[in-house]
Amino acid sequence: MSGMHGDHDLGHTVAGWTGTCLALVGFTLSGAAMITAWTSGFWLGLGVVALAALVTWVLHLSGWGKPSGPRPPAEQHWRTRDRAAGQGHPDCVGCRAAGRGRRRRSDQLVPRKRPVTEAA
């Protein structure tokens, strides 16, 4: 479907929608708590926002997010699972934080030199 903006991959994914909805609930709760002077509700709302970030990250790592850049048109449906998430995306901060993503190839590894110890 192309609209006014042409055929762009806007990144609609399960991870994106879930994180956005949770963050919206958290910010709404926090804002309502500020209006009513409910201190613990304010912190509860911020906790929901932090939970939204964590849930989005976990969903991205499990393949319900998307890599950086546009996807092929056949993979742009929001419920399409990303099969490359297991290896990590090359320039993804979230994947690198999980220990995935940009890795050194074996021919780029530099062997460590062992210290020379003298026997007495």
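**Notebook: cysteines, a ring pair and helix H1**

Started with Cys 95: its relative accessible area is 0%, so I put this residue down as buried. Note to self: I am working on a predicted model.

Next I looked for a bonding partner. A disulfide is a covalent bond between the sulfur atoms of two cysteines. Cys 95 is in none, and its nearest cysteine sulfur, in Cys 92, sits 3.6 Å away. I checked from the other side too: for Cys 92 the closest cysteine sulfur is that of Cys 95, and 3.6 Å is too far for a bond, because the cut-off is within 2.5 Å. Disulfide tally for the structure: zero. Cys 92 has 13% relative accessibility, so I logged this one as buried as well.

Then I went through the aromatics. I got one aromatic pair. The partners are Phe 42 and Trp 43, with ring centres 5.2 Å apart and planes at 75°, so I wrote down edge-to-face. I looked up how open each one is: Phe 42 is partly exposed at 23% relative accessibility, while Trp 43 is exposed at 55%.

Last up, helix H1, residues 14-36. I did the length check: 23 residues at 1.5 Å a residue should span 33 Å, and the end C-alpha atoms are 33 Å apart, so the two agree. I listed the buried residues in H1 as Val 14, Ala 15, Gly 19, Ala 23, Gly 26, Ser 30 and Ala 33. What covers them? Helix H2 (39-64) is part of the cover. I also flagged Ala 37, just after H1, for a positive phi of about 60°.

Technical notes
Residues are numbered from 1 along each chain as its sequence is written. This is a predicted model: local features need pLDDT of at least 70, side-chain atom pairs count only at pLDDT 80 or more; totals for chains, interfaces and linings use all residues. Side-chain values use heavy atoms; hydrogens and water are left out. Helices (H or I, at least four residues) and strands (E, at least two) are DSSP runs, numbered from the N terminus. The expected span of a helix is 1.5 Å times one less than its number of residues. Buried means under 20% relative accessible area, exposed over 50%, partly exposed in between (1.4 Å probe, protein chains only). Contact means heavy atoms within 4.5 Å. Rings of Phe, Tyr and Trp (its six-membered ring) pair if their centres lie within 6.5 Å; planes under 30 degrees apart count as stacked, over 60 as edge-to-face and the rest as tilted.
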